[in-house]
Every structure is written in C-alpha cells, then in structure tokens.
Amino acid sequence: MSYRTALSEVLTGLAGPVAEAAAVRGRFPRGAVTALGRAGLLGLTVSTEFGGGGRGLSEAVDVVARTARVCPATAAVLQSHYTAVAVIEAHGGPWLRAEIGAGRHLASLALAESEGEGMREGDGADSRPHGPATDSQLLVPHSVATRSGEVVALRARKQRVVAAGEADLYVWSSRPLTAPDGLTLWAVPAHAPDLFVPARPGAAGPRGSATSTVFADPVLVPAEAMLGADGAGLDVVLRTVMPWLLELRAAAETRRPPVLDPAIDPVLDPARDPGGTRRPAGSLAAS
C-alpha cells in the first residue's frame with residue numbers, strides 16, 4: 001500500500017470526525033495520531049533500515065498538506081513531528097529511530113523560549129502573547145544544562161510546544177554544557193520526572209493541537225540523550241529544523257476549510273470519538 005492510500009484511509013476513517021472534536025472542543029486528535037502510526041505515516045521519513053518508510057521532506061509536505069484540508073490540528077502535530085524526526089534521523093540512536101519507524105513514538109519540538117527567560121521558581125503558565133516562534137527564540141536558548149557524571153539536568157520553560165503533554169519525546173535545546181557558544185540538542189522523553197505542562201495551556205496553534213508551555217524544573221536525562229555534539233545544535237537548527245518547518249508550515253497554510261457535507265467528506269459526528277479520552281493537560285504521555 002502506498003503512503004497516499006494509507007493516508008486517505010486514515011483521513012476518511014478518523015480525521016474527519018476528530019477534526020470537529022478538535023476544532024469545537026479543543027480535543028487532541030489522539031485517534032488520528034494513533035491511526036497515522038499504525039499506517040506507517042509517523043515513521044514515513046525514518047530509514048527503511050529501522051522500519052520506516054524511507055521517504056523525505058517532499059512526501060512529508062504532501063502528507064501535511066492533505067491532512068490540513070481535513071484537520072488543521074493533526075497537520076500541526078505532523079509538522080512538529082516530522083521536523084523533530086529529521087533531527088533524530090541524523091543524530092538519534094537506533095532504538096529511538098526504530099520506535100518512531102514502527103509508529104510507536106510521537107515526537108515534537110521544544111525549542112522556542114522568550115528572550116531572556118528561563119525557568120524561575122514560582123513561574124506559572126506563560127501569559128505573554130503566543131504566535132509563531134521567531135528565529136531568535138529558536139537559535140538562542142536561555143535554558144541551562146548541567147552535567148553531573150552521566151546525568152544532565154535541563155532547566156527551562158519551553159513555549160509553543162505542539163502536542164505538549166501528548167507527545168512521547170521532545171527535541172529540546174539548551175545552552176552548551178562546555179562549548180563556548182552555539183546550542184545543544186537533546187532527546188527528552190515525555191515521561192521524565194519533573195517535566196510538566198500547565199493545567200491551562202496557552203492559546204497558541206490550531207485548536208486541539210495541544211500547543212502549550214512545557215516546564216523542566218529541572219528534568220534529568222542521561223548524557224547519551226544528547227543529539228549531535230555539544231554546541232553543534234545551532235547548525236542542525238539552521239540546516240534541518242528551519243528548512244523542514246518552513247516547508248511544512250507552508251504546506252499546512254494551503255489548506256481549504258473542512259467540508260462538512262457527508263456526501264463529500266467523512267461524516268463529522270460530534271458524538272463519535274475514535275480517539276478515546278484525552279490525557280489531562282497536566283500529565284505527560286508515557287513512551
């Protein structure tokens with residue numbers, strides 16, 4: 001089965017009903033994400049060596065564009081996922097790549113911060129205006145990484161994280177451990193202790209995309225969770241993250257409004273929720 005046929009089946013069977021639940025009730029499209037994983041679409045851009053589809057950016061753009069026509073929330077989740085996977089494909093370990101290739105892991109980006117802001121004791125949910133992250137917010141992290149033996153403590157407040165509390169792992173940025181400049185990237189599992197999402201997420205991103213702030217106060221990860229070399233993440237962001245994000249964002253913006261005619265699009269039944277119950281906003285998905 002081609003990826004386009006698989007996607008059509010997912011959009012017909014799930015994304016239509018889920019789209020209304022996301023747009024009207026702000027419910028994360030868990031059913032659609034699960035179906036995308038089972039259909040091989042979350043692993044579309046993972047190497048075939050690790051069980052993925054072996055496809056690239058052009059196919060990811062196609063998937064996001066077609067999904068955005070039906071469910072903008074799911075398309076936003078896929079934008080962040082495919083971009084994060086591009087980083088993991090280049091620098092992640094074999095186990096993680098195999099998990100994504102098998103459709104068992106949803107990845108997201110945790111890069112944006114407010115300029116000059118870090119995690120401070122007593123901080124609550126971010127109250128500043130939300131919108132697309134600026135280049136400076138992606139390229140100059142203010143969050144801190146501190147190593148003790150084989151464990152690294154990451155302390156930060158990451159903003160505009162798509163699928164916050166729903167993803168299985170985040171591609172996370174920090175200041176370098178020892179390098180004089182640049183930034184360092186990490187694969188942070190969402191189930192890690194002391195990683196949390198506020199109960200009242202920020203109003204960023206398409207409704208239902210679970211776009212919010214993620215706090216680390218701090219979160220502890222193994223030193224081997226580093227993606228690439230210490231301080232080398234800036235080049236990864238410039239050469240991989242930004243091109244993927246720009247292409248995928250443009251694809252999502254070409255969407256048409258969902259057609260609510262059951263004779264044309266899948267039936268949108270607000271009582272039907274194939275995605276199951278949504279995790280509480282303050283909890284994180286276990287990998």
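I count two strands as paired if DSSP finds at least two bridges between them. I applied this to a predicted model.

**Entry 1. The chain overall**

I began with the totals. The secondary structure comes to 7 helices and 8 strands. The chain has 287 residues, and buried residues make up 54% of them. I then looked up the exposed surface, which is about 12,300 Å², with carbon and sulfur atoms supplying 53% of that area. I also checked how far contacts reach along the sequence. Among contacts with a separation of 6 or more, 75% join residues 24 or more positions apart.

**Entry 2. The mixed sheet**

I next traced the sheet that contains E1. Four strands form an open sheet in the order E1-E4-E5-E8, and the pairing is mixed. At its edges I noted E1 (107-110) and E8 (226-227), each of which pairs on one side only.

I followed E1 to its partner. E1 pairs with E4 (residues 169-174) in the parallel sense, over 4 bridges. Reading along this pair, I found Ser108 with Tyr170 of E4 as its bridge partner, and Leu109 opposite Val171 in E4.

Which residues of E1 are buried on each side of the strand? I found Ala107 and Leu109 buried on one side, and Ser108 and Ala110 buried on the other, so I record that both faces of E1 are covered. I also looked for a helix against this sheet. H4 lies across E1, E4, E5 (184-189) and E8, and runs at about 90° to E1.

**Entry 3. H4 against H5**

I recalled that two packed helices are described by the angle between their axes and the distance between the axes. For H4 (residues 72-91) and H5 (residues 94-101) I read an angle of about 145° and axes 10 Å apart. H4 passes H5 in a left-handed crossing.

I listed the residues that meet. H4 contributes His81, Val85, Ile88 and Glu89, while H5 contributes Leu96, Arg97 and Ile100. By class, this contact has 4 nonpolar, 1 polar and 2 charged residues. I related the spacing on H4 to a general rule: an α-helix has 3.6 residues a turn, so residues three or four places apart point the same way.

I then examined H5 by itself. Its buried residues include the three that meet H4, namely Leu96, Arg97 and Ile100, and Glu99 and Gly101 are buried as well. What covers the buried residues of H5 includes H4, E4 and E5. After H5 I noted Gly103, whose phi is positive, near 80°.

**Entry 4. His81**

I selected His81, which lies in H4, for a closer look. Is His81 buried or exposed? Its relative accessibility is 0%, and it therefore counts as buried, the cut-off being under 20%.

Setting aside neighbours within four places in sequence, I found His81 in contact with Leu42, Ile100, His105, Leu106 and Ala107. Of these, Ile100 belongs to the H5 side of the helix contact, and Ala107 is one of the buried residues of E1. The C-alpha atoms of His81 and Ile100 are separated by 9.9 Å, and the two residues are 19 residues apart along the chain.

**Entry 5. The antiparallel sheet**

I turned to the other sheet that I had marked. It is an open sheet of 4 strands in the order E2-E3-E7-E6, with antiparallel pairing. E2 and E6 (195-196) stand at the edges with a single partner strand each, so one side of each is left without a neighbour in the sheet.

I then took E3 (residues 151-161) as the point of reference. It is mostly covered, with 9 of its 11 residues buried. Toward E2 (residues 144-148), E3 pairs in the antiparallel sense over 5 bridges. I located two positions in this pairing: Val144 has Arg155 of E3 as its bridge partner, and Thr146 stands opposite Ala153.

Which residue in the turn between E2 and E3 has a positive phi? I found Gly149, at about 65°, in a hairpin with 2 residues between the strands.

Toward E7 (residues 212-222), I read 8 bridges from E3, and these two strands run antiparallel. As one position in that pairing I recorded Leu154, whose bridge partner in E7 is Val219.

Notes: Residues are numbered from 1 along each chain as its sequence is written. This is a predicted model: local features need pLDDT of at least 70, side-chain atom pairs count only at pLDDT 80 or more; totals for chains, interfaces and linings use all residues. Side-chain values use heavy atoms; hydrogens and water are left out. Buried means under 20% relative accessible area, exposed over 50%, partly exposed in between (1.4 Å probe, protein chains only). Axes are lines fitted to C-alpha atoms, for helices over the stretch in contact, and angles run from 0 to 180 degrees between N-to-C directions. A crossing is left-handed if the near helix is turned anticlockwise from the far one by less than a right angle, and right-handed if clockwise. Contact means heavy atoms within 4.5 Å. Ala, Val, Leu, Ile, Met, Phe, Trp, Tyr, Cys and Pro count as nonpolar, Asp, Glu, Lys and Arg as charged, and the others, Gly among them, as polar. Accessible areas come from the Shrake-Rupley method with a 1.4 Å probe; for residues, only the protein chains shown count as cover.
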